Amino acid sequence: MEIRPPETDAEMRELIRAHGLSWRAAYDDILPESVLDAMTVDPTPEEVEGWAEGFGDADSAVFVAVVDGTVRGFVDVRWGEENTKSFVGPDEADVKAIYVHPGWWGEGVGTALLRRGLDALPDRVEAVRLEAFADNDVGARFYEARGFERVDTGEVEIAGETYPTAIYARNC
């Protein structure tokens with residue numbers, strides 16, 4: 001397995017596909033079918049370009065896990081007030097996203113991505129936080145097994161509905 005920044009449009013397409021398939025599998029019992037069906041698994045060139053532009057900030061790092069020549073997941077970590085959510089402090093970073101193709105869950109891909117994302121953080125970052133759906137048991141087990149603790153709650157609105165979230169944190 002190789003963990004590195006995405007290099008081509010084809011890898012960005014695979015990243016987006018892994019994201020969409022992961023959403024569909026992980027949130028099947030949390031979100032409505034219409035929301036899950038709307039998750040892109042076959043992105044257009046415009047969607048690929050939009051995602052690539054969204055990953056361009058200086059205070060961020062994005063890495064993909066490539067196995068057998070195919071992207072199997074990605075992590076997006078961000079720091080700095082302009083790039084993070086309101087629950088992230090000035091000396092903290094945000095795991096904005098970490099998604100693994102469901103066929104690769106339990107194979108160490110997510111752990112390797114998380115490790116690489118945390119290694120990329122600036123030295124001034126003392127802790128990292130993230131937000132996950134409160135009912136996402138798979139995510140909770142993953143984060144807690146890697147030293148994260150549930151420290152707060154929040155909520156997110158998707159398609160006009162509000163869903164409870166859990167805020168997790170761990171020291172770097």
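Glu11 is buried, with a relative accessible area of 10%, where buried means under 20% relative accessible area, exposed over 50% and partly exposed in between (1.4 Å probe, protein chains only). This is a predicted model, in which local features need pLDDT of at least 70 and side-chain atom pairs count only at pLDDT 80 or more, whereas totals for chains, interfaces and linings use all residues. Residues are numbered from 1 along each chain as its sequence is written, and side-chain values use heavy atoms, with hydrogens and water left out.

**Salt bridges**

Side chains of opposite charge can pair when their charged atoms come close. Across the whole structure, a search finds six salt bridges, each being a side-chain nitrogen of Lys or Arg within 4 Å of a carboxyl oxygen of Asp or Glu. The table gives three pairs, among them the one made by Glu11.

| Acidic residue | Basic residue | Closest N to O |
|---|---|---|
| Glu11 | Arg4 | 2.5 Å |
| Asp76 | Arg78 | 2.9 Å |
| Glu92 | Arg129 | 2.8 Å |

The pair of Glu92 and Arg129 joins strand 4 (residues 92-100) to strand 5 (residues 127-133), and so ties together parts that are 37 residues apart in sequence; strands (E, at least two residues) and helices (H or I, at least four) are DSSP runs, numbered from the N terminus. Glu92 is buried, with a relative accessible area of 15%. Salt bridges that share partners also join Glu2, Arg4, Glu7 and Glu11 into one network, and within that network Arg4 is buried at a relative accessible area of 12%.

**Surroundings of Arg78**

Arg78 lies in strand 3 and counts as buried at 8% relative accessibility, while its salt-bridge partner Asp76 counts as buried at 2%. The side chain of Arg78 also reaches the backbone oxygen of Gly54 at 3.0 Å, a polar contact (a pair of N or O atoms within 3.5 Å; within protein, one must be able to donate a hydrogen and the other to accept it, and residues adjacent in sequence count only if both atoms are side-chain atoms). Leaving aside residues up to four places away in sequence, the residues that Arg78 touches include Gly54, Phe55, Asp57, Asp59 and Lys96, a contact being heavy atoms within 4.5 Å.

**Aromatic rings**

The structure holds eleven aromatic pairs, in which rings of Phe, Tyr and Trp (its six-membered ring) have centres within 6.5 Å, with planes under 30 degrees apart counted as stacked, over 60 as edge-to-face and the rest as tilted. One of them, Phe142 with Tyr143, is edge-to-face, at 5.4 Å centre to centre and 80° between the planes, and both residues are buried. The rings of Tyr143 and Tyr168 have centres 5.8 Å apart and planes at 40°, so this pair is tilted. It links distant parts of the chain, with Tyr143 in helix 5 (residues 137-145) and Tyr168 in strand 7 (residues 161-171), 25 residues apart. Tyr168 is buried, with a relative accessible area of 2%. Elsewhere, ring pairs link Trp23, Tyr27, Phe133 and Tyr163 into a cluster.

**Positive phi in two loops**

Asp68 has a positive phi, near 55°, in a residue other than glycine, and lies in the loop between strand 2 (60-67) and strand 3 (70-79), where Asp68 counts as exposed at 70% relative accessibility. Ala159, likewise not a glycine, has a positive phi of about 50°; Ala159 is placed in the loop between strand 6 (149-158) and strand 7 and counts as exposed at 66% relative accessibility.
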